Amino acid sequence: MTKPTVTLTDNLSGKSVELDVLSPTVGVKTIDIRKLQKELGYFTYDPGYLATASCSSSITYLDGDEGVLMYRGYPIEQLAERSSFLEVCYLLYYGELPSAERLQWYENVITHHTMLHEQVQYFYRGFRRDAHPMATMVGVVGALSAFYHDDLDIHDPAQRERSAHRLVAKMPTIASWSYRYSMGLPFNYPRNRLTYPEDFLHLMFAVPTEEYEIDPLMAKALDVILILHADHEQNASTSTVRLAGSSEANPFAAVAAGIASLWGPAHGGANEAVINMLREIERSDQPLEHWVKRAKDKDDRFRLMGFGHRVYKNYDPRAKIIRELANQILDRLPPGNPNQKLFDIARDLEQIALSDDYFKERGLYPNVDFYSGVIFLSMGIPVSMFTVMFALARTVGWISQWNEMMSDEHSRIGRPRQLYTGAAQRNYVPLGQR
Ligand code: ACO
C-alpha cells in the first residue's frame, strides 16, 4: 500500500515537498508539516489554530459536525449515565476503566489527599474579601508549587502521578475555600466518609452550627456535570497547560496558567455570561425576538452567550445531557422559584434561535454552558463560582494531558512562529530629532 502523502509545490521556485499524511484512529487526516520549513523555507499561518493539530493525543476525541464526544473511546452519554466522576478521572489519567479494586484504591488515594497544608489558608486571607473566586484560584493553585518541593521532578512518573492525585483531590477544598472566604464564612475541612461530589457540597455549604444534609439529587447532578466538563481535547486552557508545561514548569504552575486561560468569557466564563444575559432579558420588557435580532446585528457587540462553539457545529452532546438534568432538578423545586423563570427563558430562546436561518446557517447551537448555570444556581452555587466549577472539573483533563505530554519522549518546548508585520530594520533616532 502506498503511503498517503500530499505534495506541495512552490510556484515561485518550482520546488516541491512531499508531506506525510497521518491517519488518526478516528477523525480528520492530518498533514505532517514538520519538514516544510526546512525544505521549502516557509512557515504556515493559522491564527487561532483553526486547522492545526498542536499535538497527538489519545485522551479525548470530539467530532463537532456529528456532535460526538468520547473520553478514551467511551461516549460521553454512557459515562454520564453509568460512571462516576472519580472513575472518569481514573480513565482519563490512566487510559482504561479501573477494575473494582483499582477504583477503590483510587477513591481512597484521592480521599486521603483532600486536605490542604494549613499555611495555604493564609494565602486566602491576603486577598480582599470581594476578590473574584477565579482570581483566588489562579493564585492559590499556583502557590501549591511552593508546598511540594520534594515531589516536583517532572521526569519521574511516580512524582507526576502524586501531583495529579493532589490536584484532583485538593481542588474541591481550594474551590470551596475561595467561595467561603468571599462570603466571610469559616473554612470547612474535607470529610473522608463522603463521596467526591458530596464532599464538595459539604465543603461549600455546611456551617459549624448545624448538621448539613446532602441532597442526593444535587450530589448526583454535580457528579454528572463534573464528568461532562472533565476534558475537551485541545481547547484554549488545555493548550495553555501544555504550552506552560512544555517549558518543564511544574504541574501546579501549569494548571494555574490553565485556570487563567479558562477565566475568559469566550471559554469558561461563558456560563456566568449566560446567566447575566438571561437575567438581563428577564428584567427587560423586550420580547425574545429582540435579543435574537441584536445577536445577529454585526454592529452590536451583543451575542447569544452559551451559543456557538469553535468545534461543535451541531448540538453539543453535553448540552443535551445538561438540559435533561436541569429539567429533573427544576421539576423538583417549588413552583415559582426564580431559576425556573430563567430556565424557561433559556428554552424559549433556544427554540427561536434554532429556527432562525442565521443560527442554522452558521451551525450555532447551545453549548455546555447554556444550561449548566441554571443547575448551579439551583444548587446554591453563586454566579461568581461558575467558572471555578468548570476549573474543578477540568483539572483532571489538564493534568492528564500534561502527563501525556511529559510521558512523550518526542515532546519539545512549544514555540509557535509568527508572520512578522512590523517595521523592517531602521535606525534609532535621537530624542531631540523626533
Ligand atoms: N451569537 C451570535 N452570533 C454568533 C455567536 C453567538 N453566540 N457565535 C458565533 N456567532 C457568529 C459570528 O458572528 C460569526 O458570524 P459571521 O460568519 O457572519 O461573521 C459566525 O457565527 C462564526 O463565529 P466565530 O466567532 O467566527 O466562531 P468561533 O469559532 O471563533 O467562536 C465562540 C466560537 C467563541 C464560542 C463563539 O461562538 C461565541 O462567542 N459564543 C458565545 C460565547 C460562548 O458561549 N462561549 C462558550 C464556548 S464553550 C466553552 O468554552 C465551554
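Here a colleague asks a modeller how the labels used for this predicted model are justified.

Colleague: Why is T114 called buried?

Modeller: Buried means under 20% relative accessible area. T114 has 8% relative accessibility, so it counts as buried.

Colleague: Where is T114 found?

Modeller: T114 sits in the loop between helix 4 (100-111) and helix 5 (120-125). Leaving out residues up to four places away in sequence, T114 touches A169, K170, T173, P190 and N192.

Colleague: What makes the pair of T111 and T114 a polar contact?

Modeller: Such a contact needs N or O atoms within 3.5 Å. A polar atom of the T114 side chain lies 2.9 Å from the backbone oxygen of T111, so the pair meets that distance cut-off.

Colleague: Let us turn to helix 9. How do you know that L226 is buried?

Modeller: The cut-off for buried is under 20%, and L226, which has its place in helix 9, is at 2% relative accessibility, so it counts as buried. Not counting residues up to four places away in sequence, L226 touches F85, Y196, M389, L392 and A393.

Colleague: How many residues apart in sequence are L226 and M134, and how far apart in space?

Modeller: L226 and M134 are 92 residues apart in sequence and 17 Å apart in space, C-alpha to C-alpha.

Colleague: Why is helix 17 described as largely enclosed by the rest of the structure?

Modeller: Helix 17 covers residues 369-379, and 11 of its 11 residues are buried, so it is largely enclosed. Among these buried residues are F370, Y371, V374 and L377. The buried residues of helix 17 pack against helix 8 (196-205), helix 9 (216-229), helix 12 (270-283), helix 14 (317-332), helix 15 (338-354) and helix 18. After helix 17 comes G380, with a positive phi near 95°.

Colleague: What makes helix 8 largely enclosed?

Modeller: For helix 8, 9 of the 10 residues are buried, so the rest of the structure largely encloses it. The buried residues of helix 8 include Y196, F200, H202 and F205. Their cover includes helix 3 (85-94), helix 4, helix 7 (157-183), helix 9, helix 17 and helix 18.

Colleague: Which residues have the most contacts inside the largest nonpolar core?

Modeller: Those are Y71 and I381, in a core of 115 residues. Helix 18 (residues 386-407) supplies the largest share of this core, 13 residues. Leaving aside neighbours within four places in sequence, the contacts of Y71 include I59, I76, L92, I227 and D231.

Colleague: Now the ligand. How do you know that L304 makes a polar contact with the ligand?

Modeller: The cut-off is 3.5 Å between N or O atoms. A polar backbone atom of L304 is 2.7 Å from a nitrogen atom of the ligand, so the pair falls within the cut-off. The side chains of two other residues can be set against that value too: an N or O atom of K298 is 3.0 Å from a ligand oxygen atom, and a polar atom of R362 lies 2.9 Å from a ligand oxygen atom. Taken alone, the ligand exposes 920 Å², and the protein buries 75% of that.

Colleague: Which residues are closest to the ligand, and how many surround it?

Modeller: The ligand is surrounded by 21 residues, and the closest are R303, L304, G306, R310 and R362. By class, this shell has 10 nonpolar, 5 polar and 6 charged residues.

How values were computed. Residues are numbered from 1 along each chain as its sequence is written. This is a predicted model: local features need pLDDT of at least 70, side-chain atom pairs count only at pLDDT 80 or more; totals for chains, interfaces and linings use all residues. Side-chain values use heavy atoms; hydrogens and water are left out. A residue is near a molecule or strand if one of its heavy atoms lies within 4 Å of it. A polar contact is a pair of N or O atoms within 3.5 Å; within protein, one must be able to donate a hydrogen and the other to accept it, and residues adjacent in sequence count only if both atoms are side-chain atoms. Accessible areas come from the Shrake-Rupley method with a 1.4 Å probe; for residues, only the protein chains shown count as cover. Ala, Val, Leu, Ile, Met, Phe, Trp, Tyr, Cys and Pro count as nonpolar, Asp, Glu, Lys and Arg as charged, and the others, Gly among them, as polar. A nonpolar core is a set of buried Ala, Val, Leu, Ile, Met, Phe, Trp, Tyr and Cys residues joined through side-chain atoms within 4.5 Å. Buried means under 20% relative accessible area, exposed over 50%, partly exposed in between (1.4 Å probe, protein chains only). Helices (H or I, at least four residues) and strands (E, at least two) are DSSP runs, numbered from the N terminus. Contact means heavy atoms within 4.5 Å.
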